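This report describes selected features of a single chain: how certain helices pack, and how certain cysteines are placed. The description follows the structure shown here.

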Amino acid sequence: MNQELLEQQLAELPLYTYAFLNPQELEFSDRVRWICEHECPMYGKSWACPPGVGSVESCKCKCLTYGKCLMIATITEVNDISDINETLSTRFEHEKVTNQVRDLIRQQGVEPYVLSTEACNKCERCAILDGEPCRIPEQMHPCVESHGINLLSIIEDQGLTFQYGENVVTWFSLLFY
């Protein structure tokens, strides 16, 4: 893959930042997954979430089959960061940018494995609830946390700051290739 061309294309997108990472350096943790299991209402309700994505160990093994990883981040401002509905409504613009980056990588003949912010809401009712396989796996991006990936350690390693003000939301995606 031509990283220089990709970087030129990334410069055209509304990204806050991006970084190329070595998947071997990512921290996978059951503690991150615990949050999904105990605090997220989507747990067990989507193929993009645990336990549908598999164990943290199986997610780690899948991610580590790739030689490189691109982390992208977007930021957006909301009126009230404590309003979860308003905050989550900004996720769709990030997903749009994530799909644009995915398509740029695909244009170079590489099929990335994408982790983003989704609990996946593409289908009215997720097939997991009926014991069936995902209907559109090529469109579904599991969330980063579902794989037990500690984003905070990546952010620190890259020298980035997570929050940029009281009402600023930072969204992250990881694209493995």
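Helices, here, are DSSP runs of H or I with at least four residues, numbered from the N terminus. The model is a predicted one.

**The loop between α2 and α3**

On this numbering, Ser55 belongs to the loop that lies between α2 and α3. With a relative accessible area of 40%, Ser55 is partly exposed. Its C-alpha atom and that of Pro133 are separated by 17 Å, although the two positions lie 78 residues apart in the count along the chain. The loop between α2 and α3 also holds Pro51. Pro50 and Pro51 are joined by a cis peptide bond, for which omega is about -5 degrees.

**Helices α2 and α3**

Which residues of α2 are buried? They include Val32, Arg33 and Cys36. These three cover an arc of only 100 degrees around the axis, and therefore sit on the same side of α2. Turned away from that buried side is a face of α2 carrying the exposed residues Asp30, Arg31 and Glu39. Among the elements that cover the buried residues of α2 is α3.

Helix α3 spans residues 56-63, and within this helix Val56, Cys59 and Cys63 are buried. Viewed down the axis of α3, the buried residues fall within an arc of 60 degrees, so they line one face of the helix. The packing partners of these buried residues are α2 (30-39), β3 (113-115) and β4 (168-176).

**Cysteines and the absence of disulfides**

A disulfide is a covalent bond between the sulfur atoms of two cysteines. A pair of cysteine sulfur atoms is counted as a disulfide when the two are within 2.5 Å. By this rule, the count for the model is zero. Two buried cysteines illustrate the result, and their values are set out below.

| Cysteine | Relative accessible area | Closest cysteine sulfur | Sulfur-to-sulfur distance |
|---|---|---|---|
| Cys36 | 9% | Cys143 | 5.0 Å |
| Cys49 | 3% | Cys143 | 5.0 Å |

Why does Cys36 form no bond with Cys143? The closest cysteine sulfur to that of Cys36 is in Cys143, and at 5.0 Å it is too far for a bond. For Cys49 the closest cysteine sulfur is likewise in Cys143, 5.0 Å away, which is too far for a bond. Cys36 counts as buried because its relative accessibility is 9%. Cys49 is buried as well, with a relative accessible area of 3%.

**Helices α1 and α5**

How are α1 and α5 arranged with respect to each other? Helix α1 (residues 3-10) packs with helix α5 (residues 91-107) at an angle of about 150 degrees, and their axes are 11 Å apart. This angle makes α1 roughly antiparallel to α5. The crossing in which α1 passes α5 is right-handed. On the α1 side the contact is made by Leu6, Gln9 and Leu10, and on the α5 side by Val101, Leu104, Ile105 and Gln107.

Leu10, located in helix α1, is buried, with a relative accessible area of 1%. When neighbours within four places in sequence are left aside, Leu10 is in contact with Leu15, Tyr18, Phe20, Leu70 and Val101. Leu10 and Gln100 are 90 residues apart in sequence, yet their C-alpha atoms are 9.3 Å apart in space.

Technical notes
Residues numbered from 1 in each chain as written. Predicted model: local features only at pLDDT ≥ 70, side-chain atom pairs only at ≥ 80, totals over all residues. Heavy atoms only, no water. Buried < 20%, exposed > 50% of the residue type's maximum accessible area, 1.4 Å probe, protein only. Helix = DSSP H or I, 4+ residues; strand = E, 2+ residues; numbered from the N terminus. Arc of directions from axis to C-beta. Contact = heavy atoms within 4.5 Å. Axes fitted to C-alpha atoms, helices over the stretch in contact; angles between N-to-C directions. Parallel < 35°, antiparallel > 145°, perpendicular 65-115°, else oblique. Left-handed = near helix turned anticlockwise from the far one by under 90°.
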